Amino acid sequence: MALTLYVDGARWRDHLRVVAGDQPGIVPVAKGNGYGFGLARLATQADWLGVDTMAVGAYHELGSLFEGSVLVLTPWRPFEKAVFGDHVVHTVGRLEDLRSLAGRDDMPRIVLERATSMRRHGLTAHDLRRAAEELDGVALDGIALHLPLRSPGSAAEMQRLMTDIVAAELPTKRVYVSHLTSALLARLASSYPEFELRPRVGTELWLGDRGALRVRSTVLDSHQVERGDAFGYHGRTAPRAGTILVVSGGTAHGIGLEAPSSGSSWRDRAARIARGGLDAAGFVRSPYLIDGKHRLFAEPPHMQSSMLFLPRGVRVPEIGEEVDVRVRMTATTFDETIVS
Ligand SMILES: *Cc1c(COP(=O)(O)O)cnc(C)c1O
């Protein structure tokens, strides 16, 4: 009994093509749980899009399904179990790592990452200039810049970073960027026509058209309860008459408790208790929707199923019926993916 991801294949692929068309030189990013689709499926789609390069998050995610080059986004470190080969492009964020890679005898392909306001990884402007003098032994494929999400300061920051890159006089004109709007990308492309900008895109590409995706859970069981009846692992009692509904999907799928939808101050809580609401009884909003409404967990999700509480008066779905679930795609594992 499954938590299933349904993909409207034609609509999803149309969307992929539109995003790829809007962002010339796109480098599709596939990492982690493969944005809910799995890494192998994304590699196949990247191939289908006809791109020459894709990116993965880490070395262990390098698969064999993609024909072109694969950029590893996590910077190479001496302690990484790295994979080497003609199709692998390593990210380098420290001069000592550049020296280690240059000391190999197989000319690894690399990009030099320049640190940004993200402060995650990368070289300073000064080290980028020094790197230009230490490239014997590696094949420089480009520069990498990772900016914060939707930041209003990105345009000004990109100007400064591009100035550093120009000043470093590196033997490459390719710059891999992340999280820039198409408008900013277009502006940069016209300000720096000699550079080749390569946007690395994950979420907007794979998950940009949520209407093409539907997550559904199966109703596994239901039990009518009266006020005061005990249920569940913790011997809780029903605060009023209703139905305990058992649905597929639990902690193993990444189904978790969400923060209460309304405020959670003491004043809010007091107001809810005064209203006699079910959330005041300790029931928390679940990601499961029945008749268009988020229903409450009767208790925290179990490993592979969850218990919901439906107050009397709400339609009780049949056993075997599927109900919609709103999940974070990057944090959910599906039992099955069905692409139409
Ligand atoms: C994950 C990642 C991306 C893609 O991020 P999305 O927000 O999913 O598009 C791009 N660049 C880098 C360096 C990343 O780590």
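In this predicted model, helices H5 and H6 cross in a right-handed sense. H5 spans residues 154-168 and H6 spans residues 182-191; the two pack at an angle of about 30°, with their axes 11 Å apart. Because angles under 35 degrees count as roughly parallel, H5 is roughly parallel to H6. On the H5 side, the contact is formed by Ser154, Ala155 and Met158, and on the H6 side by Leu184, Arg187 and Leu188. Classified by residue type, the contact of H5 with H6 comprises four nonpolar, one polar and one charged residues.

A second helix pair is formed by H1 (residues 9-22) and H2 (residues 39-49), which pack at an angle of about 60° with axes 11 Å apart. H1 and H2 are therefore oblique to each other, and their crossing is right-handed. Trp12, Arg13, Leu16, Arg17 and Ala20 of H1 meet Leu42, Gln45, Trp48 and Leu49 of H2. The residues of this contact between H1 and H2 comprise six nonpolar, one polar and two charged.

The ligand is surrounded by Val29, Lys31, Tyr35, Leu73, Arg120, His146, Ser178, His179, Arg200, Val201, Gly202 and Thr203. Polar side-chain atoms of Tyr35, Ser178 and His179 approach ligand atoms at the distances tabulated below.

| Residue | Ligand atom | Distance to polar side-chain atom |
|---|---|---|
| Tyr35 | oxygen | 2.6 Å |
| Ser178 | nitrogen | 2.7 Å |
| His179 | oxygen | 2.7 Å |

Definitions and conventions:
Residues are numbered from 1 along each chain as its sequence is written. This is a predicted model: local features need pLDDT of at least 70, side-chain atom pairs count only at pLDDT 80 or more; totals for chains, interfaces and linings use all residues. Side-chain values use heavy atoms; hydrogens and water are left out. Axes are lines fitted to C-alpha atoms, for helices over the stretch in contact, and angles run from 0 to 180 degrees between N-to-C directions. Helices (H or I, at least four residues) and strands (E, at least two) are DSSP runs, numbered from the N terminus. Angles under 35 degrees count as roughly parallel, over 145 as roughly antiparallel, 65 to 115 as roughly perpendicular and the rest as oblique. A crossing is left-handed if the near helix is turned anticlockwise from the far one by less than a right angle, and right-handed if clockwise. Contact means heavy atoms within 4.5 Å. Ala, Val, Leu, Ile, Met, Phe, Trp, Tyr, Cys and Pro count as nonpolar, Asp, Glu, Lys and Arg as charged, and the others, Gly among them, as polar. A residue is near a molecule or strand if one of its heavy atoms lies within 4 Å of it. A polar contact is a pair of N or O atoms within 3.5 Å; within protein, one must be able to donate a hydrogen and the other to accept it, and residues adjacent in sequence count only if both atoms are side-chain atoms.
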